[in-house]
Amino acid sequence: MESNKGQAGLKHDELNEIIDKAKEFFRKEIAPRHVENTKKLTKLKEFNLNPFLDKYKASFLTGSVDPISVAKALVYPRILGTSINTTFGNKLQLFCSEVLEGFKSTTSGIDIEFIDKIDGARKYCQIKAGPNTINRDDVESIKGHFSGVRNLARTNGQRIALDDLVVGVFYGTKRELSGHYKRINEDYPVIIGEEFWHRLTGDPDFYDKLTDAIGQVASEYDSSELIEQVIIELAKEIAKMEGFEPESPVTEIR
């Protein structure tokens with residue numbers, strides 16, 4: 001496939017448009033859902049309790065196994081890890097259609113198409129969130145989609161090189177890629193983080209600019225009081241569990 005190396009990158013206004021749309025997307029789709037999911041965590045039924053580890057983690061975190069400490073050990077990983085990562089992953093396709101709408105593909109099994117700003121070739125790209133966000137079954141699914149695209153192109157008298165069917169991973173580095181991604185990379189390139197955004201936009205610093213901009217959105221939200229109240233309410237339930245002293249005191253978080 002012919003390429004035109006040295007493709008001009010996106011214009012300044014186009015780069016800013018992506019950043020502005022990404023910020024608005026996080027305000028509209030990610031932050032509200034994060035708050036909503038946090039509010040649910042006042043009940044023990046929202047957690048998969050592990051009696052072997054829950055008190056251990058509480059002591060490891062705070063040096064205590066009182067109900068407040070156990071609640072912290074349950075809530076913090078959820079709101080800072082599982083919850084927000086799951087929300088972002090579930091909203092990934094919407095992110096592509098709203099924030100990267102200018103690259104939207106009409107090809108079945110392909111999320112976006114773009115002219116690679118490094119090698120000048122048209123890329124047919126499936127988007128994934130991070131370096132550990134696919135499983136074994138996804139590997140064959142992705143390869144199957146790419147094989148179907150090549151076969152369809154061949155039927156239509158077109159040629160798509162293997163290197164032009166790519167998996168684009170929004171964040172992370174190559175050394176962080178899981179073994180599943182490495183299996184895909186044996187046949188189709190996996191481009192991740194800084195390299196992906198560079199190839200998409202032509203700006204080698206766009207990855208940092210984008211993540212910094214999204215970080216600015218986070219500064220608009222202070223959920224510290226909400227988190228404290230959730231922990232206190234959850235601690236009240238924990239205090240009633242077997243293994244705690246009757247009427248275990250639940251006080252304000254110190």
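Trainee: Is strand β2 largely enclosed or not, and why?
Mentor: This is a predicted model, where local features need pLDDT of at least 70, side-chain atom pairs count only at pLDDT 80 or more, and totals for chains, interfaces and linings use all residues. Residues are numbered from 1 along each chain as its sequence is written, and side-chain values use heavy atoms, without hydrogens and water. Strands (E, at least two residues) are DSSP runs numbered from the N terminus, and buried means under 20% relative accessible area (1.4 Å probe, protein chains only). Six of the seven residues of β2 (residues 122-128) are buried, so β2 is largely enclosed by the rest of the structure.

Trainee: Which residue in β2 is the bridge partner of Phe114?
Mentor: Strands pair if DSSP finds at least two bridges between them. β1 (residues 112-115) and β2 run antiparallel, joined by four bridges. In β2, the partner of Phe114 is Lys123.

Trainee: How many bridges join β2 to β3?
Mentor: β3 spans residues 165-169 and runs parallel to β2. One bridge pairs Ile127 with Gly168 in β3. The number of bridges joining β2 to β3 is five.

Trainee: Which element supplies the largest share of the largest nonpolar core?
Mentor: Such a core is a set of buried Ala, Val, Leu, Ile, Met, Phe, Trp, Tyr and Cys residues joined through side-chain atoms within 4.5 Å. This one has 32 residues, and Phe196 is among those touching the most other members. Helices (H or I, at least four residues) are also DSSP runs. With seven core residues, the largest share comes from α1.

Definitions and conventions
Buried means under 20% relative accessible area, exposed over 50%, partly exposed in between (1.4 Å probe, protein chains only).
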